[in-house]
Amino acid sequence: MSKNNEFSINESTLLKLLEEKKNSGFENKSWDEWLGWVFGSKSKTDSQQIMEKVVYDFFHKNDFDEWIGNFALNLNDIWNEPSARDLDPTNDESYDMTNHSAIVIGKGPSLKKNNHLQKLIESNYSGTIICTDGALINVLKSGVTPDLFPNFFVVTIEPYKIQATLYDDPIIEKFGTKIKGIFSTLTHPDAVSKARKNGIKIHWLHTLFDYNEGKKSINNITSLMVRTKKNKGLPAIQTGGNVGTSCWFVGWKILGCSTISLIGMNHGWEEDDPIETIMSHGQMFEAPKIDKQSELFKKLFPKVHNPEFNSTCILDPIFQYYSSALKEFISRAPSEIRTINATEGGSLFGEKIHCMPFTDFLKNFDQ
């Protein structure tokens, strides 16, 4: 099965998830209840380790060889190019992060549905823009560019060769020298090369997934190798399995922003999206053969009402994971970190998530 620019999962992997859910004693309970147990019933340390284990075991395990190959080919560049740590303004003791905000831009349907990019263009917002790689080309073509927003970043964490297509467009060549790239050490070299060729300055970081395995973990081994030439090594972030969540971490962990607004990060499907699209996670894999009227279908693809925006979305198993993981991260973030869901819909609501229309956010941060 081919990998795409965001995420892929096949039917056998879905069956493994179902088996793990069953073995945990949640066979006849909803995915939401199971994930709630996975992410909420343990101590913070245990919950963090379990979350990363789910990512490792079910979403990345088959990519081990590709990880190692990518890292090996990137290593010389990692040694010689900047660390993402160099972007951290909090290194300056006089820096006050409470006055700084960021907008994370995903590629969800709410961007177009709510005309958010045009609203951003028409605003006086002068904070940081953190763009997911999958959204970058369309964001630049919309007019949201580094010329309007000088603090402009793009993030790539996926290890797949197809990520190079996300940097292969004349619009990126036009603005590349004004965009700062934040790339995982496991990114496919073709993607790194294409971004670099178009002028994007690469800044490296580690993405965490198996650090809990100690000295034998890939995270530990790659970190040691990087530090043989980089004395301070590289910063590391958790990913939640997707680039949008990674961008949220970059916002406060790397770029020192205390307020992070999310647009284009629905983490769910619209009710009127084709059911085949929903069942195949956007045609990323073959849809499982499940009776649409069955209880199993209702558990795997539940409708979720967002009371903050009075809207409803549909979650597939992958979005259930993404949503639950990000909610867990947000709930454990320091109290001074404020997360705003400005998508005007989707599944992100709850503890420590402030929901508001994007226009209200822009007014509050109109600088």
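Two aromatic rings of Phe, Tyr or Trp, the last taken by its six-membered ring, are said to pair if their centres lie within 6.5 Å. In this predicted model, ring pairs of that kind link Trp248, Phe249, Trp252 and Phe329 into a cluster.

**Aromatic contacts**

A search of the whole structure finds eleven aromatic pairs. One of them joins Phe319 and Tyr322, whose ring centres are 6.0 Å apart and whose planes meet at 75°, so that the pair counts as edge-to-face because its angle is over 60 degrees. Both Phe319 and Tyr322 are buried, and because they are three residues apart in helix H14 (residues 317–332), about one helical turn separates them. An α-helix has 3.6 residues a turn, so residues three or four places apart point the same way. A ring also takes part in a contact with a charge, for Lys327 lies over the face of Phe349, at 4.6 Å from the ring centre.

**The chain as a whole**

The chain holds 15 helices and twelve strands, and of its 367 residues 56% are buried. Among the contacts between residues at least 6 apart in sequence, 68% join residues at least 24 apart.

**Strand pairing**

Strands of a sheet pair through backbone hydrogen bonds, either parallel or antiparallel. Both kinds occur here, as the following pairings show.

| Strands | Sense | Bridges | Residues opposite each other |
|---|---|---|---|
| S1 (residues 101–105) and S2 | parallel | four | Ile105 and Cys131 |
| S2 and S3 (residues 152–156) | parallel | four | Ile130 and Phe153 |
| S8 and S10 (residues 311–314) | antiparallel | two | Trp269 and Ile314 |

Between S2 and S3 the chain passes through helix H7 (residues 136–142), and this β-α-β crossover is right-handed. Strand S2 (residues 128–132) is mostly covered, with five of its five residues buried. The cover extends to both faces of S2, since Thr128, Ile130 and Thr132 are buried on one side and Ile129 and Cys131 on the other.

Elsewhere, three strands form an open sheet in the order S8-S10-S9, with antiparallel pairing. Strand S8 (269–270) and strand S9 (303–306) stand at its edges, and because each has a single partner strand, one side of each is left without a neighbour in the sheet.

**Two helices with a buried face**

In helix H10 (residues 218–227), the residues Ile218, Asn219, Thr222, Ser223 and Val226 are buried. Seen down the axis of H10, these buried residues fall within an arc of 125°, so they line one face of the helix. Helix H4 (64–80) and strand S5 (201–208) are among the elements that cover them.

Helix H9 (residues 189–197) has Pro189, Ala191, Val192 and Ala195 as its buried residues. Viewed along the axis of H9, they fall within an arc of 160°, and they therefore line one face of that helix. Their cover includes H4, strand S4 (180–184) and S5, so that H4 and S5 are named in the cover of H9 as well as in that of H10 because each lies in contact, with heavy atoms within 4.5 Å, with the buried residues of these helices. Just after H9, Gly199 takes a positive phi of about 100°.

Terms used. Residues are numbered from 1 along each chain as its sequence is written. This is a predicted model: local features need pLDDT of at least 70, side-chain atom pairs count only at pLDDT 80 or more; totals for chains, interfaces and linings use all residues. Side-chain values use heavy atoms; hydrogens and water are left out. Rings of Phe, Tyr and Trp (its six-membered ring) pair if their centres lie within 6.5 Å; planes under 30 degrees apart count as stacked, over 60 as edge-to-face and the rest as tilted. Buried means under 20% relative accessible area, exposed over 50%, partly exposed in between (1.4 Å probe, protein chains only). A charge sits over a ring if NZ of Lys or CZ of Arg is within 6 Å of the ring centre and within 35 degrees of the ring normal. The arc is that of the directions from the helix axis to the C-beta atoms. Two strands pair if DSSP finds at least two bridges between them. A crossover is right-handed if, with the strands pointing away from the viewer, the path from the first strand over the helix to the second runs clockwise.
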